[in-house]
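Colleague: I'm new to this, so can I quiz you on the words you use for a structure?
Modeller: Sure, let's put it on the screen and go through them.

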Amino acid sequence: MKLIKTSTYEELSQMAAAQIISKIHANPSLKLGLATGSTPTGVYKRLIQDHGENKTTYKQVNTFNLDEYIEISKKDPNSYHYFMCENLFDHIDIPLEQTHIPDGTAKDLEEECKRYEQFIQDHGGIDLQILGIGQNGHIGFNEPGTSFSSRTHIINLSESTRKANSRFFKSLEDVPRQAITMGIASIMASKEIFLLVSGASKAEALARLVNGEVSESFPATVLNSHKNVTIFADKEASALLP
Ligand code: F6R
């Protein structure tokens, strides 16, 4: 794993965005895996800014999001469909039909998981996956205890994840209890991974990932066994590293 320490969140976002942009220039039909949450929004802002200023085009890019809540309509401001349109898709020239997110409102959710997994494979897999990390070590919504051999599946969200994400909802009660997420094996199949880690609340998780043993009880530790991972971490997040 390569670790890039930055002094600020802005620098982290700038550096990760610059690398993503150069990969799109090198391969205009890049298959890009995306995450939601607070951490990648700075990167998305810079991709939008660069698209405006330098005309980097996404006309041939396909995106694949990690996860989506179950039973939240795509139009709901708390859905990840809505989040991605607001934070990225509506501001670049990517055709919406080339943006892919699991459908948490599908009638047959098990079937939807299978379809999404197969769909990614039919596209030849993900070239570059952007990840954030939960304080409990989750990647995607793969909570502690999720099998490293898991593919896209339905997950029961842990109370700590629901609490952490309740900041986006009116109350904790409104936070969904389940989500569809790419599995750990689906994530590990990506050719390259960028993990973005920002803020003091992630310092323990990052230290455990970098120093710790590889264990399903802390899902992100699986990244130690991937050949091409770059971690971008700001000063606060790196505070507990040696
Ligand atoms: C989001 C996702 C999650 C987040 C993680 C960190 O699609 O899969 O794993 O990356 O919960 O979220 P933030 O960035 O809000 O701290």
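**What the words rest on**

Modeller: To get our bearings, there are seven helices and 10 strands in the chain's secondary structure. Keep in mind that this is a predicted model.

Colleague: What makes the radius of gyration of the chain agree with that of a compact globule?
Modeller: A compact globule with 242 residues would come out near 18 Å, and the chain has 17 Å, so the two agree. Along the principal axes, the C-alpha atoms fill a box of roughly 45 × 40 × 35 Å.

Colleague: Why is S147 called partly exposed?
Modeller: Count the other C-beta atoms within 10 Å of its own: buried takes 20 or more, and exposed means 12 or fewer. S147 has 13, so partly exposed is the right label. You'll find S147 in the loop between β6 (128-131) and β7 (153-156).

Colleague: Which residues does S147 touch, leaving out those up to four places away in sequence?
Modeller: S147 touches I184 and E216. There's also S215: it sits 68 residues from S147 along the chain, and their C-alpha atoms are separated by 9.7 Å.

Colleague: How do you know that the buried residues of α3 line one face of the helix?
Modeller: In α3 (residues 80-87), the buried ones are Y80, H81, F83 and M84. Look down the axis of α3 and these buried residues fall within an arc of 165°, so they line one face. As a rule, an α-helix has 3.6 residues a turn, so residues three or four places apart point the same way.

Colleague: And what covers the buried residues of α3?
Modeller: The cover includes the strands β2 (31-34), β3 (62-65), β4 (67-69) and β5 (99-100).

Colleague: How much of the chain counts as buried?
Modeller: That's 42% of the 242 residues. The largest nonpolar core has 60 residues, and A16, L131, F194, L195, L196 and V197 have the most contacts inside it. Helix α1 (residues 9-26) gives the largest share of this core, six residues.

Colleague: What is A16 in contact with, leaving aside its neighbours within four places in sequence?
Modeller: A16 is in contact with V43, F194, L196 and F232.

Colleague: Last one: which residues come nearest to the ligand?
Modeller: Of the 14 around the ligand, T36, G37, S38, T39 and G132 come nearest. The shell divides into five nonpolar, eight polar and one charged. G37 and G132 go with the polar ones, because Gly is counted as polar here.

How values were computed: Residues are numbered from 1 along each chain as its sequence is written. This is a predicted model: local features need pLDDT of at least 70, side-chain atom pairs count only at pLDDT 80 or more; totals for chains, interfaces and linings use all residues. A residue is near a molecule or strand if its C-beta atom, placed from the backbone, lies within 6 Å of it. Helices (H or I, at least four residues) and strands (E, at least two) are DSSP runs, numbered from the N terminus. The arc is that of the directions from the helix axis to the C-beta atoms. Two residues are in contact if their C-beta atoms, placed from the backbone, lie within 7 Å. The radius of gyration is taken over C-alpha atoms; the globule rule is 2.2 Å times the number of residues to the power 0.38. A nonpolar core is a set of buried Ala, Val, Leu, Ile, Met, Phe, Trp, Tyr and Cys residues joined through C-beta atoms within 7 Å.
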